[in-house]
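Here's a quick tour of one pocket and two residues with unusual backbone angles. Have a look at the model first, then read on.

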Amino acid sequence: MDSKEIISKAKQSFERVLDNEKYSNIIKDDKHLKLLLEMVEGKQCENILDIGTGTGYLAFPLAQMNQSAQVYGIDIAENIVEKNQGRAQTEGISNIKFLSFDGVNYPFEDSTFDLMVTRHAFHHFPQVDDAVEKLSKILKDGGNILIADPMKNENDTSGVIDRFMDIKGDGHVEFYSKTKLEGIFASHGLDVEKQIFTTMTFPFPPKQEYVDLFDSISEEEKRLYQIEKRNGIVWIGNIEVGNTLFVK
């Protein structure tokens, strides 16, 4: 898929699910949120960017924690951007602003941000090298980027996890292994400052395509992520989430 098709699929999917309570409960994890906030606590920031902000699950707490900073939340799903902005106005949160963007071009000047974050969105970024280059440009020297995203097992040579994710049709590009992720950022002048690994479990929707793929893969591939089938539903029983703080 080219970038336009990836973004179109992602936009259609997330405009549909971001207001869905069931979906929100699946991706909500207050323990994970607390960890991410602790990883960036104490950073001196004037401007903070949350990429793929969704419901503002990370952006709103960041605004509360950094009341002297301006927080921007951007997303390709225009309806959730409008809803978030309405919430900010209703609650009188003056240091947060939500913007829609096209998924490729970041509407900011170079060296704007002290801190950028993205949670469970990086695997949707099209043309990832180009995306990281653009992020590096709008990040100040000495600034940080926090990437929190499921990671591909280093032994997943067949890309089995991506084959499952592709069935979703939501613009998934790739889960990156630790080695590949760090290599992408290093090539754009960003080094690892801190890295903490967590785990997550999630079910796929009840579709026959997931069951067929489950039945076709090897036991070794299933063990990589503890992939199971329960009552006709395929589950990822354990996937590592890399919470990586890069510094420019």
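The second largest pocket has a volume of about 160 Å³. A pocket here is an open set of points on a 1 Å grid over the protein atoms alone, where a 1.4 Å probe fits, with protein on both sides within 12 Å along at least five of seven lines; the volume is the space filled by probe spheres set on the points. This is a predicted model, so local features need pLDDT of at least 70 and side-chain atom pairs pLDDT 80 or more, while totals for chains, interfaces and linings use all residues. Residues are numbered from 1 along each chain as its sequence is written, and side-chain values use heavy atoms, with hydrogens and water left out.

Who lines this pocket? Lining residues have an atom within 4 Å of a point, and among them are M151, K178, F197 and Y225. They split into five nonpolar, two polar and four charged. Two elements give two or more residues each: α10 (219–225) and β8 (233–247). β8 gives the most, with three residues. (Helices are DSSP runs of H or I, at least four residues, and strands are runs of E, at least two.)

Now for the backbone. Neither residue in the table is a glycine, yet each has a positive phi.

| Residue | Phi | Loop | Relative accessibility |
|---|---|---|---|
| S111 | about 55° | between β3 (96–100) and β4 (113–119) | 44% |
| N231 | about 50° | between β7 (227–230) and β8 | 83% |

Exposed means over 50% relative accessible area, buried under 20%, and partly exposed in between (1.4 Å probe, protein chains only). So S111, at 44%, counts as partly exposed, and N231, at 83%, counts as exposed.

How values were computed. Ala, Val, Leu, Ile, Met, Phe, Trp, Tyr, Cys and Pro count as nonpolar, Asp, Glu, Lys and Arg as charged, and the others, Gly among them, as polar.
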